[in-house]
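Please open the model in your viewer and keep the sequence panel beside it. The tour below moves from one selection to the next and says what is found at each stop.

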Amino acid sequence: MSTGPLLIIWHSRTGTSEQLAAAACEGAGEGAQLLRACDTAPDDLLAAGGYLFCCPENLASMSGEMKEMFDRCYYPVRGRIEGRSYATVIAAGSDGEGAQRQLDRIATGWRLKRVTDPWIVKTDAQEPEEILAPKTVSDSERARAVELGAALAEGIAQGIF
């Protein structure tokens, strides 16, 4: 099992996932790595001790940029990161379950170990103007993301997961 740092991989269209990923990285501290999905390479995944995947749900599935990262990285790391911890944060207008299921299926293929319950942040955006508008996360969601990052980083550092 790797003892590398927490890797936070994110994609965001309107700001929610980006803000939550940044807050989680702040909580995780100096050793954590924050990477946009399009900038993530297999070597980044191999160097990490665990993962936080943050992305929006778009049209009942994870965002295309996050999916593309998994497409590029899946086979180069398969069989080499088994047993590492992961958690997820999904930003969604009203549901988020489709993206969550996709991420969990990929994590199952990689044989990762979920260490927290899924977290779906619902923005309640339903109309095109609301959906496309920039978002700002609440102070309570931001605080929860900071705590999540700290807990994940500490669990990895202590070898708890």
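In which helix does E130 lie? Select residues 128-132, which make up helix 5, and E130 will be found among them. Bear in mind from the outset that this is a predicted model, and that the remarks on each stop should be read in that light.

**The negative patch**

With E130 still selected, add D124, E127 and E129 to the selection, and the four residues will show as a patch of negative charge on the surface. E130 itself has a relative accessibility of 39% and therefore counts as partly exposed, since that class lies between the buried limit of 20% and the exposed limit of 50%. D124, another member of the patch, is exposed, with a relative accessible area of 57%.

Stay with D124 for a moment and turn to its backbone. D124 lies in the loop between strand 7 (119-122) and helix 5, and its phi is near 65 degrees, a positive value in a residue other than glycine. Why is such a value worth a look? Most residues other than glycine have a negative phi.

**A second positive phi**

Next select A60, which has a positive phi of about 70 degrees although it is not a glycine. A60 is placed in the loop between strand 3 (50-58) and strand 4 (61-62), and at 54% relative accessibility it counts as exposed.

**Salt bridges within helix 3**

A search of the whole structure finds 5 salt bridges, and two of the pairs can be viewed by selecting helix 3, residues 64-77. Begin with D71 and K67, whose side chains meet in a salt bridge with an N to O distance of 2.6 Å. Because D71 and K67 are 4 residues apart in helix 3, they are separated by about one helical turn. D71 counts as partly exposed at 46% relative accessibility, and K67 is likewise partly exposed, with a relative accessible area of 33%.

Now move the selection to E68 and R72, whose side chains also meet in a salt bridge, here at 2.9 Å from N to O. E68 and R72 both lie in helix 3 and are 4 residues apart, about one turn of the helix. At 34% relative accessibility E68 counts as partly exposed, and R72, with a relative accessible area of 31%, is partly exposed too.

**A salt bridge between helices**

Which residue forms a salt bridge with R142? Select E26 together with R142, and the closest N and O atoms of the pair will be found 2.4 Å apart. R142 lies in helix 6 and E26 in helix 1 (residues 16-28), so the pair ties together parts that are 116 residues apart in sequence. R142 is partly exposed, with a relative accessible area of 33%.

Remain in helix 6 and select A143, which counts as partly exposed at 36% relative accessibility. If L20 is then added and the C-alpha atoms of A143 and L20 are joined by a distance line, the viewer should give 9.1 Å, although the two residues are 123 residues apart in sequence.

**The aromatic cluster**

For the next stop, select Y51, F53, F70, Y74, Y75, Y86 and W110, which form one aromatic cluster. The whole structure holds 6 aromatic pairs according to the search. Take Y74 and Y75 as the pair to examine: their ring centres are 4.9 Å apart and their planes stand at 85 degrees, so the pair is edge-to-face, the angle being over the 60 degrees which that description requires.

Are these two tyrosines, Y74 and Y75, buried or exposed? Y74 has a relative accessibility of 16% and so counts as buried, whereas Y75, at 61%, counts as exposed.

**The segment after helix 6**

Finally, select G159, whose place is in the segment after helix 6 (139-157). G159 is exposed, with a relative accessible area of 56%. Add G49 to the selection to end the tour: G159 and G49 are 110 residues apart in sequence, while their C-alpha atoms are 9.4 Å apart in space.

Technical notes: Residues numbered from 1 in each chain as written. Predicted model: local features only at pLDDT ≥ 70, side-chain atom pairs only at ≥ 80, totals over all residues. Heavy atoms only, no water. Buried < 20%, exposed > 50% of the residue type's maximum accessible area, 1.4 Å probe, protein only. Phe/Tyr/Trp six-rings, centres within 6.5 Å; stacked < 30°, edge-to-face > 60°. Patch = residues over 30% accessible without salt bridge, like charges linked within 9 Å, V, L, I, M, F, W, Y side chains within 5 Å. Areas by Shrake-Rupley, 256 points an atom, 1.4 Å probe, with all protein chains shown as cover. Lys, Arg positive; Asp, Glu negative; His and termini not counted. Charge placed at Lys NZ, Arg CZ, Asp CG, Glu CD.
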